[in-house]
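Hi everyone, thanks for making time. I'll put the sequence and the structure up, and then talk you through them.

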Amino acid sequence: MTTGRGTKVALSIFAVIAFLFVYIPLAVVLINSFNAGETLSWPPQGFSVRWWEAAVSNEGVREALVTSVVLGICATAVALVLGTLAALALGRYNFFGRDSVSLLIILPIALPGIVTGIALNNVFTTFLGGLTFFTLIVAHSTFCIVVVYNNALARVRRLGGNVEEASADLGARGWQTFVHVTFPLMRSALAAGALLAFGLSFDEIIVTTFTAGPGITTLPIWIYQNLFRPNQAPIVNVVAAFLVIVSILPIYIVQRFSSADERGGGVM
Amino acid sequence: MLAPFSGVLRTVSERGHVSTAIRLTNLRKEFGDVVAVDSVDLDVADGEFLTLLGPSGSGKTTVLRMIAGFEQPTSGTIELAGVDVTQVPPYSRDVNTVFQDYALFPHMDVLSNVEYGLKVKKVSKAERRQRAEEALAAVRLEDYGARKPSQLSGGQRQRVALARALVNRPRVLLLDEPLGALDLKLREQMQVELKELQRAVGITFVFVTHDQEEALTMSDRIAVFDAGRIAQIGTPVEIYEHPKTPFVAGFVGVSNLLEAGVAASLLGREGLWSVRPEKIRVLLGTASPEGSERAAAGVIREVVYVGMSTRFIVDLDAGATLIAVQQNSHATSSELGAMRGQRVTLMWNTEHEIPVG
């Protein structure tokens, strides 16, 4: 398709404006975290890492960070095991109700967080005797599974069954085929899925508020709780800046994986 | 062309003589409502090169996949060397497969690909390294062990797939259209190499193809598949010179069928007959037959120049349309073009009239 010169210029301008809208606020957060001023007034009153130091030495921030990381790792681990198994089952075998099962797996990510949150909250408090850290992990796993499953399923479909048949043909039993062929060929897709799942869990707030046990504060919850306390504002800003960096990294790594896959045929 | 495959040769002779490598009895395979394979009986002799030939969807690949163990037959039995393996999983069958798209493991280098079968069977590292290198040498890829499959050409991948299968010294090698993805030149070269390799190693080859020329040039015997059944099984000469059904006559070579009515008036014979195009001479104008020759008058509808030869499509006055192929030993393309629409006499020896079905 060829595009006229005027159209090209107009599209470029629109693209630039759209990007500016998204990224200027993020840049402001990052710049402000190094603001030397007491109240984060704009323009910044000089460069300083004092708020970063304050954030690092803040007990609440540190605890929330540890909680979020442990939660993310646990939810991701659950999602990796279940999501991979589900993808293998649905990608390799044809059975009655396969499409419905696939829909049921994907649905939690499409449901509004508040619905998932209320539903899980009801079940946990009614049948599991209340909210704990464990219920929080279960809740996060419901949507973390989806991204692992989607990544794994795409890879399973792209691989086809051929290399696994070749492996069986050469004398490998089922588990040998999984260890030597299936898993190595899925590894990069699973890593991508795991990073995305961790990222999802790390910045989740709605489902978390409904399913976290008493006294459990994740980093996003901490931000929410401290957002409107004027003396905490600079520290909240630092935490937000930190979250920006932590969220960008997995996406960047995942993109590197997928472009490496396109060149090297699924080899990580 | 290929280095002697001493390791494999040794093993085959150690096994002693078994006359039947594969026996398929009343094999049937249904996929839902579709009957893919029906009433297939087939004996493959030890060391034979057997080709399953047929159009796509004729069931030949399904038969191969059932021998390999990837598909369970709906009914019937599969025996390998006299042992019923119908219920045996693929990894316990003494057969190896060369897949259509090679199915090399993309994350392993060439040497690891070839070693794989020995590794999962717990052959010692030293022995499997030696045997893999031997197998790579046999397909002239001894310097390619460290490469990844993605760094190889189609023909090289094909050879790796072959080495990866043969290194296990199987009793039977199954080949699923292994040359389909190669260009014509390479395909013709690999046909010769495969045939030589098969003679050298003495392993039974079951070869699936839809290419009749490939089947005719390589096989000891050909089983022609039509709609899930074996239409005919025989040597290439039997299949080509004496097709048993109109389908076989049409699929192997050009059909040139003379329907019952035409056959009666032209040949004075009952039933369906065929004459191969290269057996027919094209003579301009009228000519009278001599001795055991048969003459049929007609008009050239189309002249197709195909380089080495020319194909004449002739509408006979008797009602049929025959194709005749002539070598381009003298004619030039401009002369040939001028022949369109001309009256000709087709001439062939009556011994080349083949009853079909």
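I'll go through chain A, then the sheet in chain B, then the interface.

One thing up front: this is a predicted model, so please listen with that in mind.

Okay, chain A. If you go looking for strands here, you won't find any: the count is 11 helices and 0 strands. Reading from the N terminus, the order of elements is just alpha, over and over. The box around the C-alpha atoms, taken along the principal axes, is roughly 70 × 65 × 30 Å.

Let me pick out one helix pair in there. Helix α3 of chain A, residues 59-92, and helix α10 of chain A, residues 219-226, have axes that come within 7 Å and cross at roughly 145°. Which residues make that contact? From α3(A) you have A:G60, A:V61, A:A64, A:L65 and A:S68, and from α10(A) you have A:L219, A:P220 and A:W222. By class, that's 6 nonpolar and 2 polar residues, with no charged ones.

Now over to chain B, where there's a sheet to look at. It's an open, mixed sheet of 6 strands, and the order is β6-β7-β8-β3-β9-β10. The edges are β6 and β10 of chain B; each has a single partner strand, so one side of each has no neighbour in the sheet. From one strand to the next, the twist averages 20°.

Let's look at two of the pairings. β7(B), residues 172-176, and β8(B), residues 204-209, run parallel and share 5 bridges. If you want a register point for that pair, B:D176 has B:V208 in β8(B) as its bridge partner.

The other one is antiparallel: β9(B), residues 221-226, with β10(B), again over 5 bridges. Here B:D226 sits opposite B:R229 in β10(B). The hairpin has 2 residues between the strands, and B:A227 takes a positive phi there, near 50°.

What about helices on the sheet? Helix α6 of chain B, residues 184-201, lies across β3, β7 and β8 of chain B, and runs at about 160° to β8(B).

Right, the interface. How many residues are in contact on each side? It's 27 from chain B and 20 from chain A. Together the two chains bury about 1,900 Å², and 59% of that is on carbon and sulfur atoms. On the chain B side, B:Y91, B:H107 and B:Y116 lose the most area to chain A, together 32% of what that side buries.

For the polar side of things, the rule finds 1 salt bridge across the interface. That's A:E165 with B:R65, side chain to side chain, at 2.6 Å from N to O. There are also 9 residue pairs in polar contact between the chains, counting pairs with both residues at pLDDT 80 or more.

So which elements of chain B supply at least two residues each to the side that touches chain A? They're α2, β6, α3 and α5. Of the elements of chain B, α3(B) gives the most, with 4 residues. And by class, the chain B side has 14 nonpolar, 6 polar and 7 charged residues.

If you take one picture away, make it this: β6(B) is an edge strand of the sheet, and β6(B) also supplies at least two residues to the side that touches chain A. That's what I had; over to you.

Technical notes. Residues are numbered from 1 along each chain as its sequence is written. Chains are lettered from A and ligands numbered from 1 in the order in which they are written. Side-chain values use heavy atoms; hydrogens and water are left out. Contact means heavy atoms within 4.5 Å. Buried area is the accessible area (1.4 Å probe) that two parts lose on being put together, summed over both. A salt bridge is a side-chain nitrogen of Lys or Arg within 4 Å of a carboxyl oxygen of Asp or Glu. A polar contact is a pair of N or O atoms within 3.5 Å; within protein, one must be able to donate a hydrogen and the other to accept it, and residues adjacent in sequence count only if both atoms are side-chain atoms. Ala, Val, Leu, Ile, Met, Phe, Trp, Tyr, Cys and Pro count as nonpolar, Asp, Glu, Lys and Arg as charged, and the others, Gly among them, as polar. Two strands pair if DSSP finds at least two bridges between them. Axes are lines fitted to C-alpha atoms, for helices over the stretch in contact, and angles run from 0 to 180 degrees between N-to-C directions.
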